[in-house]
Amino acid sequence: MLIARELNTLAGHRARLGSETRPLALVPTMGALHDGHLALIAAARRSGAAVAASIFVNPLQFGPAEDFTRYPRDEAGDLAALADAGCDLVWLPPLAAMYPADAATTVDIGGPAERWEGAARPGHFRGVATVVAKLFGQVRPATAYFGEKDWQQVQVVRRLCRDLYIGVEIVPVPTVRAPDGLALSSRNRFLTPAERALAPTLHRTLAALADALAQGCEAEPRLAEATARLIASGFLPDYLALVDAEALVPISAVPISAVRPPARLIVAARLGAVRLLDNVPVG
Ligand code: AMP
């Protein structure tokens with residue numbers, strides 16, 4: 001496995017992989033890798049591409065009151081996991097390569113970035129879009145793999161590529177879950193044992209709601225009821241919404257049979273110190 005920590009090393013490794021006939025796939029991550037990340041590597045490998053992973057905890061996508069300094073980091077463990085997974089190249093950009101002192105460009109996305117995570121975390125998607133654009137420019141992959149766990153992020157990155165004519169195909173990968181349904185996340189380690197026991201309620205709630213909506217129940221009362229139940233169980237929801245899966249606008253049409261598919265149920269809820277995200281398809 002090739003490892004690059006400087007832009008010129010990356011360019012050399014990139015040229016070496018580029019001389020092969022395989023296209024290059026990129027899996028951007030912030031490290032502290034788990035089986036969800038490794039599913040992205042596996043999906044990229046199955047496509048027949050040479051696989052590059054990046055590890056960069058991107059300060060620009062964290063708000064001032066968020067957990068940038070506390071975000072888990074485990075470079076040695078990550079490199080071992082990526083080598084085991086058959087990754088061909090790892091890009092570990094230094095901060096100065098991503099954000100040189102004279103950098104003057106950020107990327108702002110409207111549309112699918114406006115609501116939900118965009119509203120709850122002002123500046124978050126500016127950070128995501130900017131770092132993804134930089135990573136695409138540095139690595140120049142043909143494809144990039146993103147987890148459906150961050151559903152809105154997938155739609156935002158797709159919009160970035162369409163609007164700026166960035167020739168990278170975005171490939172979404174289904175969410176990897178623990179056996180009890182909790183979506184794997186690098187931040188789950190910060191749940192206390194009691195919170196960890198409660199956490200799968202979030203996915204169970206979404207799954208039950210998706211079933212009810214698919215059977216034709218009215219959305220608004222069910223959403224309100226499920227939100228109240230989450231609060232009663234100890235969650236602090238930021239949002240629980242039924243949205244158009246691509247545009248991320250709320251769907252007010254009820255019942256669900258009147259909704260133009262695809263629709264998605266999305267949720268963000270705080271449990272203790274951890275903010276959990278999840279989403280499921282509807283209909
Ligand atoms: P992160 O390191 O949290 O920025 O995530 C890097 C990539 O892994 C993103 O595309 C995430 O959506 C994806 N990812 C994180 N958790 C999961 C999961 N449980 N299942 C599938 N993909 C995931």
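Biologist: What makes the approach of Val176 to a nitrogen atom of the ligand a polar contact?

Modeller: In this predicted model, a backbone N or O atom of Val176 lies 2.9 Å from a nitrogen atom of the ligand, and because a pair of N or O atoms within 3.5 Å is a polar contact, this pair qualifies. A polar side-chain atom of His37 lies 2.9 Å from an oxygen atom of the ligand, and a polar backbone atom of Gly147 is also 2.9 Å from a ligand oxygen atom. The protein covers 92% of the 490 Å² of accessible area that the ligand has on its own.

Biologist: Which residues surround the ligand most closely, and which element gives the most to its shell?

Modeller: The ligand is surrounded by 17 residues, of which His37, Gly147, Asp150, Val176 and Leu184 are the closest. The element that gives the most is α2, with three residues, while β2 (24–29) and β5 (143–147), like α2 (35–46), each supply at least two. By class, the shell holds eight nonpolar, seven polar and two charged residues.

Biologist: Why is the aromatic pair of Phe56 and Tyr99 called tilted?

Modeller: By the rule for such rings there are four aromatic pairs. In the one formed by Phe56 and Tyr99, the centres are 6.3 Å apart and the planes make an angle of 40°. The centres are therefore within the 6.5 Å limit, and the angle is neither under 30 degrees, as for stacked, nor over 60, as for edge-to-face, which leaves tilted. Phe56 lies in the loop between β3 (50–55) and α3 (75–84), and Tyr99 in the loop between α4 (95–98) and α5 (117–120), so the pair ties together parts 43 residues apart in sequence.

Biologist: What lines the second largest pocket, by class?

Modeller: That pocket has about 190 Å³ of space, and of its 14 lining residues, Ile55, Val57, Arg73, Glu75 and Leu92 are the closest to its centre. The lining comprises eight nonpolar, one polar and five charged residues; Arg73 and Glu75 are in the charged class, because Arg and Glu count as charged.

Note on methods. Residues numbered from 1 in each chain as written. Predicted model: local features only at pLDDT ≥ 70, side-chain atom pairs only at ≥ 80, totals over all residues. Heavy atoms only, no water. 1 Å grid on protein atoms, 1.4 Å probe; cavity = no way out; pocket = protein on both sides within 12 Å on 5 of 7 lines; lining within 4 Å. Points joined across faces, edges and corners; volume = space filled by probe spheres on them. Near = heavy atom within 4 Å. Polar contact = N/O pair within 3.5 Å; in protein donor to acceptor, adjacent residues only side chain to side chain. Areas by Shrake-Rupley, 256 points an atom, 1.4 Å probe, with all protein chains shown as cover. Helix = DSSP H or I, 4+ residues; strand = E, 2+ residues; numbered from the N terminus. Phe/Tyr/Trp six-rings, centres within 6.5 Å; stacked < 30°, edge-to-face > 60°.
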